[in-house]
Amino acid sequence: MPTALPALDRPIAADHSSSLVVDIPFGVRGGVPLAGEGAAFYPEDQVLATADGHPRAIAYLSRLPAPTLAATRKNAFYMGLLKATRQPDSYPVPIAAASTNARQLDIGWVIVWQQTPAVRSYLAGTGFRLDYRADGAYVYRPAADMARR
């Protein structure tokens, strides 16, 4: 596995805000995969976090404390995202609530490693637009940020 993906990560690293990067598949996972923790994710996620300096909304922990999972479940954006990656035709929260929550969380970047129609639809509904493709991934930005360029 490469330790850097410059074509993918260069624009993110050039953004000196503290905005959050969300990788899809999304999950907060303990050492043993459990239901409700999200899909398996790519090891590149954690390597890129050290390269671009942005906080990541993804974690692999040897032990997953219950409060960590509970805190994730309180966010409409993450819950809708989990639903979009597992049951494409239904979301557990209104899209408007998920969109508002994404702005509150200051999500500035979404890297999609596995593109599906449900994920594409969910991101569009929550205010994200495709910015570029690199290294086999799709990178989305909030539509408002793209309009300012």
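Helices here are DSSP runs of H or I with at least four residues, strands are runs of E with at least two, and both are numbered from the N terminus. Keep in mind that the model is predicted.

**Exercise 1: the overall layout**

Work out how many helices and strands the protein has, and in which pattern they follow each other.

*Solution.* Start with the tally: the protein has 7 helices and 6 strands. Next, walk along the sequence, and you read α-β-β-α-β-α-α-α-β-α-β-β-α. Then look at burial: 44% of the 149 residues count as buried. Finish with the contacts between residues at least 6 apart in sequence, of which 68% join residues at least 24 apart.

**Exercise 2: put the sheet together**

Find the strand order in the open sheet of 4 strands, and say which strands stand at the edges.

*Solution.* A quick reminder: strands of a sheet pair through backbone hydrogen bonds, either parallel or antiparallel. Now go pair by pair.

1. β1 and β4 run parallel and share 5 bridges. Val21 is matched with Trp109 in β4.
2. β4 (residues 107-112) joins β6 in the antiparallel sense, with 3 bridges. Here Val112 has Tyr138 of β6 as its bridge partner.
3. β5 (residues 128-134) is also antiparallel to β6, over 6 bridges. Phe128 sits opposite Pro142 of β6.
4. String these together and you get the order β1-β4-β6-β5, with mixed pairing. That puts β1 (20-24) and β5 at the edges; each has a single partner strand, so one side of each lacks a neighbour in the sheet. From one strand to the next, the twist averages 25°.

One more detail concerns the link between β5 and β6: they form a hairpin with 2 residues between them, and Asp135 in that turn has a positive phi of about 50°.

**Exercise 3: is β6 buried or exposed?**

Decide whether strand β6 is buried or exposed, looking at both of its faces.

*Solution.* First, recall that in a regular strand the side chains alternate between the two faces of the sheet. Sort the residues of β6 that way: Ala137, Val139 and Arg141 go on one side, and Tyr138, Tyr140 and Pro142 on the other. Now check each set against the cut-off for buried, which is under 20% relative accessible area. Both sets pass, and both faces of β6 are covered. With 6 of the 6 residues in 137-142 buried, the strand is largely enclosed by the rest of the structure. As for what lies over the sheet, helix α1 (residues 6-14) stretches across β1, β4, β5 and β6, at about 135° to β5.

**Exercise 4: a helix pair**

Describe how α4 and α6 pack, and which residues meet.

*Solution.* Two packed helices are described by the angle between their axes and the distance between the axes. For α4 (residues 76-86) and α6 (residues 117-125), the axes come within 8 Å and cross at roughly 155°. Angles over 145 degrees count as roughly antiparallel, so that is the label for α4 and α6. The crossing is right-handed. On the α4 side, Ala76, Phe77, Gly80, Leu81, Ala84 and Thr85 meet Ala118, Val119, Tyr122 and Leu123 of α6. Sorted by class, this contact holds 8 nonpolar residues, 2 polar ones and no charged ones.

**Exercise 5: one asparagine**

Place Asn101 in its helix, and list what Asn101 touches beyond four places away in sequence.

*Solution.* Asn101 belongs to helix α5 (residues 95-104). Its relative accessibility is 8%, so Asn101 counts as buried. Leaving out residues up to four places away, Asn101 touches Asn75, Ala76 and Phe77. Of these, Ala76 and Phe77 also turned up in the contact of α4 with α6.

How values were computed:
Residues numbered from 1 in each chain as written. Predicted model: local features only at pLDDT ≥ 70, side-chain atom pairs only at ≥ 80, totals over all residues. Heavy atoms only, no water. Axes fitted to C-alpha atoms, helices over the stretch in contact; angles between N-to-C directions. Parallel < 35°, antiparallel > 145°, perpendicular 65-115°, else oblique. Left-handed = near helix turned anticlockwise from the far one by under 90°. Contact = heavy atoms within 4.5 Å. Nonpolar A, V, L, I, M, F, W, Y, C, P; charged D, E, K, R; others polar. Buried < 20%, exposed > 50% of the residue type's maximum accessible area, 1.4 Å probe, protein only. Pairing = 2+ DSSP bridges.
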